[in-house]
Amino acid sequence: MNMELMEYGAAAKLVNSYKINSIESKYVKNAQEALLFSKGKKIVLKVLSGKALHKSKMGLVKVGLENQKEMEAAFSDLSKKGKKFAPYKIIAQKMAPGGVEIIVGGRNDAQFGKMILLGLGGIYVETFRDFALRACPITRFDAKSMIAQLKSKKVVTYNGKMEAQLEELLLKTSKLLVATKLEELDLNPVIIREDGYDVVDIRVLR
Ligand code: ADP
Ligand code: MG
């Protein structure tokens, strides 16, 4: 099957159109543009390339940049590293406040059709392999049972407010998956907090 990686801006627009909150992002051509984008707040700079699937492992993600000096150093290092993955772009993102990292994913499975996945994200993905899978579309009951199924349920949602948010996110993602013809969708991670969440990395294959 011939799959194509959707450009990040288009992928972000797609998820936002389902009211899934992806963090504010902008492609930048130099450190000055990054500084303007930051408006005095911390930002993240990343190399995006179809040839670099695991950005942080390859040193292509710089988090918590807060001043011109840091942004200049990060931009110059990323431009150097990016050349190995040409064509590439550098994207600036607002820095999500601390929270728990989860994965919300979707697949168009040859055998089972459209599936949605919820799992613990971040550095624990490989360690715990803790996830829940359902066929789409899911109901609110399914969303609740996906959350309940996780061994890390208490880490992912430590109160009712977080649980309600996560349910909404799962329902919206299921809606998106049903309405589109995507092969794969990865929101990895979604950084979730008591008062909200931010999708900071999106990968869509169509
Ligand atoms: P990859 O999955 O390709 O390594 P990500 O874009 O997911 O790259 O970034 C890796 C990690 O960096 C994330 O899991 C998260 O911990 C952190 N990170 C990335 N973007 C942001 C952001 N905008 N705000 C806060 N943390 C971020
Ligand atoms: Mg990621």
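In the predicted model, S152 has a relative accessibility of 8% and therefore counts as buried, the cut-off being under 20%. S152 is placed in the loop between helix 5 (140-149) and helix 6 (153-156). Its C-alpha atom lies 32 Å from that of E7, and the two residues are 145 positions apart in sequence.

Two further residues were examined for burial. S38, with a relative accessible area of 2%, is buried. S38 belongs to helix 2, which spans residues 31-38. A polar atom of the S38 side chain is found 2.7 Å from the backbone oxygen of L35. R193 is part of strand 8 and, at 14% relative accessibility, counts as buried. Between the C-alpha atoms of R193 and L120 the separation is 14 Å, with the two positions 73 residues apart along the chain.

Strand 8 (residues 184-193) also contains N188, one of the protein donors of the magnesium ion. The magnesium ion (ligand 2) has as its protein donors the O atom of N188 and an OD atom of D201, which lie 2.2 Å from the ion. D201 is in the loop between strand 9 (196-199) and strand 10 (202-205), so the two donors tie together parts of the chain that are 13 residues apart in sequence. N188 counts as partly exposed because its relative accessibility is 29%, whereas D201, at 19%, counts as buried. The value for D201 falls under the 20% cut-off for burial.

N188 also makes a contact with ligand 1: a backbone N or O atom of this residue lies 3.3 Å from an oxygen atom of the ligand. Ligand 1 is surrounded by 18 residues, the closest being K46, K55, S56, A96 and E101. Two of these residues place polar side-chain atoms beside oxygen atoms of ligand 1, K46 at 2.7 Å and S56 at 2.6 Å.

A search of the whole structure gave one cavity of 30 Å³ or more. The volume of the largest cavity is about 30 Å³. Its lining consists of R107, N108, K114, L177, T180 and L182. Sorted by class, the lining residues are two nonpolar, two polar and two charged.

Backbone geometry was considered next. Most peptide bonds are trans, and most residues other than glycine have a negative phi. The bond from A86 to P87 is cis, with omega near 0°. P87 sits in the loop between helix 3 (68-82) and strand 4 (89-94). The peptide bond joining C136 and P137 is cis as well, with an omega of about -5°. The position of P137 is in the loop between strand 7 (131-135) and helix 5.

Positive phi values occur at K19 and K39, neither of which is a glycine. For K19, phi is about 60°, and the residue lies in the loop between helix 1 (8-17) and strand 1 (25-27). A relative accessible area of 66% makes K19 exposed. For K39, phi is near 45°. K39 is located in the loop between helix 2 and strand 2 (43-48), and is exposed, with a relative accessible area of 67%.

Terms used:
Residues are numbered from 1 along each chain as its sequence is written. Chains are lettered from A and ligands numbered from 1 in the order in which they are written. This is a predicted model: local features need pLDDT of at least 70, side-chain atom pairs count only at pLDDT 80 or more; totals for chains, interfaces and linings use all residues. Side-chain values use heavy atoms; hydrogens and water are left out. On a 1 Å grid over the protein atoms alone, a cavity is a set of points where a 1.4 Å probe fits but cannot get out, and a pocket is an open set with protein on both sides within 12 Å along at least five of seven lines; lining residues have an atom within 4 Å of a point. Grid points are joined across faces, edges and corners, and a volume is the space filled by probe spheres set on the points. Ala, Val, Leu, Ile, Met, Phe, Trp, Tyr, Cys and Pro count as nonpolar, Asp, Glu, Lys and Arg as charged, and the others, Gly among them, as polar. Donors are N, O and S atoms within 2.8 Å of the metal (3.2 Å for Na, K and Ca); water is not among the atoms, so sites may look incomplete. Helices (H or I, at least four residues) and strands (E, at least two) are DSSP runs, numbered from the N terminus. Buried means under 20% relative accessible area, exposed over 50%, partly exposed in between (1.4 Å probe, protein chains only). A residue is near a molecule or strand if one of its heavy atoms lies within 4 Å of it. A polar contact is a pair of N or O atoms within 3.5 Å; within protein, one must be able to donate a hydrogen and the other to accept it, and residues adjacent in sequence count only if both atoms are side-chain atoms.
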